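Colleague: I should like to go through this structure with you, one point at a time. Please show the sequence and the structure before we start.

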Amino acid sequence: MASSVVVGQYLTKTPVQFENFDDENIVTSSANNGKKECNGTPKDTSPALPGWYADVSWPGEAHIYKMEKIIFQGKSEFQELLVFESSRHGKVAILDGYIQLTENDEFAYQEMLTHLALCSVPNPKKVLVVGGGDGGILREISRHSSVQHIDICEIDKMVIDVYKKFFPDIAVGYKDPRVHVHIRDGIAFINSVPKGTYDVIILDAFQPMGPIAEVLADKCFLDSVANALRAGGVLSAPADSLWHKNFVVADTIDKCKNIFKGSVNYAWTTVPTYASGVIGFMLCSTKGPPVNFKRPINPLNPEQNGVAKGPPKFYNSEIHSAAFCLPSFVDKAIDPKRY
């Protein structure tokens, strides 16, 4: 979930105190553009909890990780990236103080964001990913043999390079020969795309759809996304957790219906790393051949794993349909006339 994704959008994180790390264990490589790599262990990273990283995502809450060692610390012209080995969640990636993923559960988010869209349309051939520099979404797209061309637009090459080096099982997606990498701003890229170019667009570079979204609340940008999709094409984007107290999915659905003109549905799944342990997804289709997101018509082939090293760990057709089953309080907020 690279360049700015889904967690920590509500409060600034409590960052690791880098100056408290043992400088003797940090190696600065001039061949690596001055980025720092560390093979040592953290030293007094927090006055209250030495050696722990505090992920403060929502007011009054924190998720903390015991840090075994810092693996990478670097800063590009766009952002700062920290990778550390945790005691229970494998390697953890932090981008500008926002947790991006952990090895322990990244597959749940990557698989659902990808397959909820691709398994809902017949024979998708051309796919765009905006963000997703870790490569996990590319890994999941590679399972779809009908896809002929995959564009990924990631603004920061450092993100791609770090994931390839330290998260090879996630970044394996870049090994798919159908992948074409564009190092540039995602908004500008989408604005430049000819009408009807893509069957599926997956957005993984912005704050989730919801009350504090900026890019994904901008009508002009969403108009450009809709324009870039073919008739009956599909957008998949992260959305707010249904447990967020300012959760207003009904407003988001209404806005998307007015822009995309086709089906619009909210789905959700569990990802323990994220605030509340839940993340939402917004699935939108453009006017054209009808799309029923709740009934996957393009199921994964269990014999086709693409460049992934095994079958999906989380997604299946049953979970696909179940993701659209909403708790009563959410369903009532979306369609109060039914109650």
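Colleague: Is F281 buried or exposed?

Modeller: The model is a predicted one. Buried means under 20% relative accessible area. The relative accessibility of F281 is 0%, so F281 counts as buried.

Colleague: Which helix holds the tyrosine that pairs with F281 in strand β14?

Modeller: The partner of F281 is Y109, and their rings form an aromatic pair with centres 6.1 Å apart and planes at 35 degrees, which is tilted. F281 lies in strand β14, so the pair ties together parts that are 172 residues apart in sequence. The tyrosine, Y109, lies in helix α1.

Colleague: Which cluster do the ring pairs of Y109 form?

Modeller: The search of the whole structure finds 7 aromatic pairs. Among them is Y109 with Y274, at 5.7 Å centre to centre and 80 degrees between the planes. Planes over 60 degrees apart count as edge-to-face, and this pair is edge-to-face. Together, the ring pairs link a cluster of Y109, Y274 and F281.

Colleague: What is the relative accessible area of Y274?

Modeller: Y274 sits in the loop between β13 and β14, whereas Y109 is in helix α1 (residues 106–118), so their pair ties together parts that are 165 residues apart in sequence. Y109 is buried, with a relative accessible area of 0%. Y274 is also buried, and its value is 5%.

Colleague: With which side chain does the side chain of D204 make a polar contact?

Modeller: D204 is covered by the annotation "active site" in an unreviewed UniProt entry. D204 lies in strand β11 (residues 198–204) and, at 0% relative accessibility, counts as buried. Its side chain makes a polar contact, at 2.5 Å, with the side chain of Y109.

Colleague: Which strands stand at the edges of the sheet?

Modeller: The open sheet has 7 strands with mixed pairing, in the order β10-β9-β8-β11-β12-β14-β13. Each edge strand has a single partner strand, so one side of each is left without a neighbour in the sheet; these strands are β10 and β13.

Colleague: Which residue of β10 is the bridge partner of I150?

Modeller: Strand β9 (residues 149–153) is mostly covered, with 4 of its 5 residues buried. β9 pairs in the parallel sense with β8 over 5 bridges, and in the parallel sense with β10 over 4 bridges. L128 stands opposite D151 in β9, while the bridge partner of I150 in β10 is V179.

Key:
Residues numbered from 1 in each chain as written. Predicted model: local features only at pLDDT ≥ 70, side-chain atom pairs only at ≥ 80, totals over all residues. Heavy atoms only, no water. UniProt positions renumbered as here; feature names shortened; annotations may be inferred. Helix = DSSP H or I, 4+ residues; strand = E, 2+ residues; numbered from the N terminus. Buried < 20%, exposed > 50% of the residue type's maximum accessible area, 1.4 Å probe, protein only. Polar contact = N/O pair within 3.5 Å; in protein donor to acceptor, adjacent residues only side chain to side chain. Pairing = 2+ DSSP bridges. Phe/Tyr/Trp six-rings, centres within 6.5 Å; stacked < 30°, edge-to-face > 60°.
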